[in-house]
Amino acid sequence: MIWNRTWREEALAVGLAALMTVVLLTLAYHRVWPLSIPVGENDSRFAVDFNAPESIGGRVVRWTNGASRVLVPRPPDGTPAVLSMRAVNGRPDGQPTPQATLRIDGKTLPPFPITRAVNGVREYRILVESSTRLSWDLPVEFDSDTIVPPQDPRPLGFMLDSLTWTPLRSGLPLPSLWLGVWAVLLGAWGYSFPRSFGMSRGRALIATLIVAVLVAVGIVLRPLEVLPFVQRIGALFGLGTAAVLLARFLAPTIGHDDTEERDETGTPALHGRHAPVYLAVASWMGAWFELILTADGVDGVTPSPFTMWIGGALVLALAAMSCWALLRRNQLQLTRGALLVFAVAAVAHLVAMFWFAYTRSGPDFWILFKGARDWARGGSLYDLQAIHADHFGHVFKVPPFYGMLFVPFVFQDGTQILLYHRILNTVLLAITVLVWFRMWNIRVLTALGAGVLILINFRAFTDTMAFGQIDLALLLILTLALWALRGGRAGVAGALVALGALFKIYPVLLLGFFVAKRQWRALAGFMVGMIVFNSISITVMGWEMHREYLLDVLPNIGGTTSWVENQTIGGFLARLVDTPTEAGVLANRSIALLANALSLVVIAAACVLALRPAQRDTTTFALHYSLFLLVMVLAVPAAWMHYETLLFVPFAVLLLHWRNRAVPLARVVALAISFGLIVYGNQWSYYTGTVMGMLTILALSSKFYGMLLLGGVLARTLLDEGVPVPARATRWLPRSALRSH
């Protein structure tokens with residue numbers, strides 16, 4: 001009876017969530033009509049097979065090419081409508097009048113001429129019969145004769161200015177079948193997702209209501225930017241629900257089969273040693289979302305072949321292991337087996353990504369290599385004119401110390417040196433992983449060992465190697481600095497940070513950590529390191545290069561950019577006011593100042609959290625350190641996606657910190673979402689280079705959202721270090737799971 005009542009109440013809640021969403025989206029849908037599509041202006045989702053937009057008499061129009069079509073957001077089903085088409089006969093004098101034939105939702109209408117008008121634009125009104133089809137769009141196709149002018153190779157039909165669709169039924173129209181179905185799914189999945197990680201029914205309903213209100217407001221205010229994408233919003237919640245349920249099946253919460261409350265709040269908790277399962281599941285959800293986008297008609301975002309093959313093998317292995325474990329009724333064996341399978345898949349995927357990276361052109365490497373070669377030929381490392389014009393372009397702008405490392409090789413075959421550079425990066429990553437195992441005394445054949453291997457399935461590792469960057473060296477340097485701090489060698493740690501700062505400037509933020517932790521020897525080590533390393537650099541490169549860097553380069557490489565790769569606070573704000581398609585310096589001074597102010601707040605918050613006491617050999621101390629590595633990537637004005645290589649450390653430290661703790665499931669899910677957003681893909685994984693409105697702009701900051709979630713989990717974990725594992729949970733865990741490493 002208890003279970004029957006629970007499932008009945010849950011079904012009613014799901015139905016209520018779906019009903020709320022349908023009502024809100026129906027009300028919003030009613031406000032949309034009549035709906036006008038201005039052809040030529042932000043119409044990439046709608047205009048198909050047209051010639052490029054052009055301006056005629058102050059209007060932006062498109063020439064049809066003989067077989068063009070416009071995808072109109074589907075009007076109310078079962079309702080006749082009037083289609084108003086504004087068109088221009090833009091053909092030169094002496095050319096025949098274009099004859100147009102419209103095909104609407106597969107039904108062909110009689111042909112008609114596009115005649116000239118006094119003001120250039122003529123409006124045509126067409127009565128369209130009602131139809132019903134499960135699709136977001138109603139295609140309006142334009143077949144016409146074309147001409148090819150002598151100096152224009154394009155086939156030209158006629159100019160289309162806009163389309164306006166006006167349903168004839170008065171009152172409140174029901175939504176299209178497509179929108180109705182997806183409103184139900186959005187409500188059901190929007191409710192199920194927070195419920196899947198333990199949110200109460202009341203709060204889950206409130207969360208669903210908030211999502212539905214946001215989508216409805218978006219439909220009213222920006223219908224052309226939201227209506228075609230409601231299915232993707234719903235699919236995201238469905239994918240999230242499926243991911244959490246899969247992870248809970250593979251690694252159940254503590255006491256998941258008990259009927260009594262788990263604690264005073266009833267919040268489910270997970271043993272921290274099983275958290276890597278959730279991160280692993282999340283890391284593969286990006287590929288599934290790419291498949292969803294592909295099914296929705298997006299070109300160029302299908303997962304790579306090796307991702308598909310490895311992912312398919314992973315699914316089969318998990319299915320086989322699940323069947324075996326269910327037959328044996330051994331949950332612990334299923335969790336252990338899942339960890340092993342995910343670890344093997346992660347390593348295999350990393351190897352495949354590295355193989356791909358070895359074939360890339362290495363544009364950043366060539367900037368550094370050619371800059372050092374120019375210096376060796378008697379020139380300068382720095383093209384000051386190019387830096388002043390656009391320092392986000394392909395220009396050498398790093399400290400001379402970095403350039404010095406290329407000098408012995410600049411007169412050798414650059415392609416061969418690039419190969420050696422990549423081999424070196426591969427070795428550096430392997431050393432970093434070995435250092436991590438050694439630093440924390442982790443055994444490979446443990447849950448924590450599998451977790452570390454799962455973490456290396458990281459696209460940022462691939463991109464830093466493909467571009468010829470130095471981030472893997474920075475990761476090793478800053479990992480060694482943490483090891484030195486744990487071992488009481490603060491001076492060595494400071495010198496290592498100084499070395500890192502001579503590759504990229506932002507590691508100097510760790511000085512704030514040293515001050516907060518009163519690591520005065522680390523500060524001294526940093527100063528000594530800067531003196532020693534710069535002395536070597538000055539000896540090799542000369543004072544002039546250092547003078548140019550300090551006085552001419554460093555003061556001119558500030559500011560932020562809206563370019564899609566920039567996932568910092570500044571980058572997020574810049575994309576709200578500027579195009580993300582070019583890597584230029586943001587000219588909006590107010591937004592830049594706001595970004596700097598918010599970044600300073602984030603840095604100050606990290607310093608305040610680091611003031612909390614922690615022994616240097618504990619994971620709490622390492623969490624404080626990790627927080628500053630996150631701030632390096634989040635709060636600087638510009639940081640490309642491959643800079644996120646450093647975020648391996650906070651993820652790995654959190655897994656260490658949770659290994660013998662009961663962690664709230666919601667916190668584990670938040671970390672898993674963060675991990676999935678950060679580690680999978682880069683700027684081209686879900687983005688075709690075309691902006692289709694505000695949802696596209698917001699979606700381009702996915703890794704920024706992942707870093708915000710990571711920061712929130714770090715902060716919350718430091719403020720609340722978890723609860724003891726309940727005694728009755730021990731029957732789910734081997735005794736070794738309750739012992740510290």
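Here are three short exercises on this predicted model, each with a worked solution.

Residues are numbered from 1 along each chain as its sequence is written, and side-chain values use heavy atoms, leaving out hydrogens and water. Local features need pLDDT of at least 70 and side-chain atom pairs count only at pLDDT 80 or more, while totals for chains, interfaces and linings use all residues.

**Exercise 1. Find out which elements the salt bridge between glutamate 10 and arginine 195 ties together.**

Step 1: Start with the rule, which asks for a side-chain nitrogen of Lys or Arg within 4 Å of a carboxyl oxygen of Asp or Glu. By this rule the model has 26 salt bridges.

Step 2: Check the pair. The closest N and O atoms of glutamate 10 and arginine 195 are 2.9 Å apart.

Step 3: Place both residues. Glutamate 10 belongs to helix α1 and arginine 195 to helix α2 (residues 177–196), so the bridge ties together parts 185 residues apart in sequence. Helices here are DSSP runs of H or I with at least four residues, strands are runs of E with at least two, and both are numbered from the N terminus.

Step 4: Look at accessibility, where buried means under 20% relative accessible area, exposed over 50%, and partly exposed in between (1.4 Å probe, protein chains only). Glutamate 10 is buried at 14%, whereas arginine 195 is partly exposed at 24%.

Step 5: Widen the view. Glu9, Glu10, Arg195 and Arg201 are linked in a network of salt bridges.

**Exercise 2. Describe the salt bridge between arginine 62 and aspartate 43.**

Step 1: Take the distance, which is 2.8 Å from N to O.

Step 2: Locate the partners. Arginine 62 sits in strand β4 (residues 59–73) and aspartate 43 in the loop between β1 and β2 (47–50), so parts 19 residues apart in sequence are tied together.

Step 3: Compare burial. Arginine 62 is buried at 13% relative accessible area, and aspartate 43 is buried at 3%.

**Exercise 3. Spot the backbone features at proline 34, aspartate 105 and asparagine 441.**

Step 1: Recall the background. Most residues other than glycine have a negative phi, and most peptide bonds are trans.

Step 2: Turn to the peptide bond from tryptophan 33 to proline 34, which is cis, with omega near 0 degrees. Proline 34 lies in the loop between α1 (2–32) and β1 (35–38).

Step 3: Aspartate 105 has a positive phi, near 55 degrees. Its loop runs between β6 (99–104) and β7 (107–108), and aspartate 105 counts as buried at 18% relative accessibility.

Step 4: Asparagine 441 also has a positive phi, of about 55 degrees, in the loop between α12 (414–439) and α13 (447–455).
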